[in-house]
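This report introduces a structure to a reader who has not met it before. It treats a pocket and then two residues with an unusual backbone angle.

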Amino acid sequence: MAETWLVVGLGNPGVRYESTRHNVGQMVIAELASRRGETLRAHKANARVAESWLRPGGAKLVLATSNSYMNVSGGPVSQLARFYDVPADRVVLVHDELDIPFDTIKLKTGGGHGGHNGIRDVAKALGTPDFPRVRVGIGRPPGRQDPADWVLDPFSSAERAALPVLVSEAADAVELLVGEGLLAAQQKHHAPRA
């Protein structure tokens with residue numbers, strides 16, 4: 001039987017936040033669902049979920065976004081992991097990352113939360129930080145702008161122009177991670193662009 005992977009895009013609920021930097025993880029989930037012709041539907045874990053497959057005969061994908069705010073994402077993520085019987089090493093979090101330049105994707109498993117409260121809460125709820133992460137770079141704010149404000153701002157017009165490609169590449173990274181493993185995904189997405 002094919003393994004099940006839970007892929008969660010972190011973000012905040014509601015129209016106010018949907019186009020902000022903090023919600024890029026949810027944008028990636030929307031792209032992955034769209035590629036499969038799926039629609040996210042309400043789930044009792046205070047989340048929206050679409051069930052699909054990586055490819056015919058491949059791993060089962062549970063694509064999800066939380067209906068709770070970023071800083072309390074752990075509850076819905078851990079409930080979904082229990083509901084679908086997915087161990088932490090197959091719970092993939094897709095999230096924004098201040099310490100990576102915009103238009104860059106990095107992958108890792110485990111490590112600290114780097115001040116990202118969504119990651120902190122999920123690690124606490126799962127009882128381990130050892131889950132795969134697809135980190136979508138949003139860069140640091142210019143000047144003295146507070147990072148907490150920066151992540152809740154919409155992307156700039158220049159960033160919005162590049163965003164569809166970034167979201168598509170992050171979705172590719174998720175598919176490669178699930179299909180071929182972390183190292184293969186890192187080798188492709190950490191390499192300098194041609």
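## Pocket and backbone report

The largest pocket has a volume of about 330 Å³. A pocket is an open set of points on a 1 Å grid over the protein atoms alone, where a 1.4 Å probe fits, with protein on both sides within 12 Å along at least five of seven lines; its volume is the space filled by probe spheres set on the points, which are joined across faces, edges and corners.

The model is predicted, with local features needing pLDDT of at least 70 and side-chain atom pairs pLDDT 80 or more, while totals for chains, interfaces and linings use all residues. Residues are numbered from 1 along each chain as its sequence is written, and side-chain values use heavy atoms, without hydrogens and water.

Lining the largest pocket are 19 residues (each with an atom within 4 Å of a point). His22, Gly115, Asn117, Ala148 and Val151 lie nearest its centre. Two or more lining residues come from each of β5 (91-97), α3 (117-126) and α4 (147-150); helices (H or I, at least four residues) and strands (E, at least two) are DSSP runs numbered from the N terminus.

Most residues other than glycine have a negative phi. Asn46 and Asp103 each have a positive value. Both are partly exposed, that is, between 20% and 50% relative accessible area (1.4 Å probe, protein chains only).

| Residue | Phi | Loop | Relative accessible area |
|---|---|---|---|
| Asn46 | about 60° | between β2 (41-43) and β3 (47-53) | 39% |
| Asp103 | near 75° | between β5 and β6 (105-109) | 24% |
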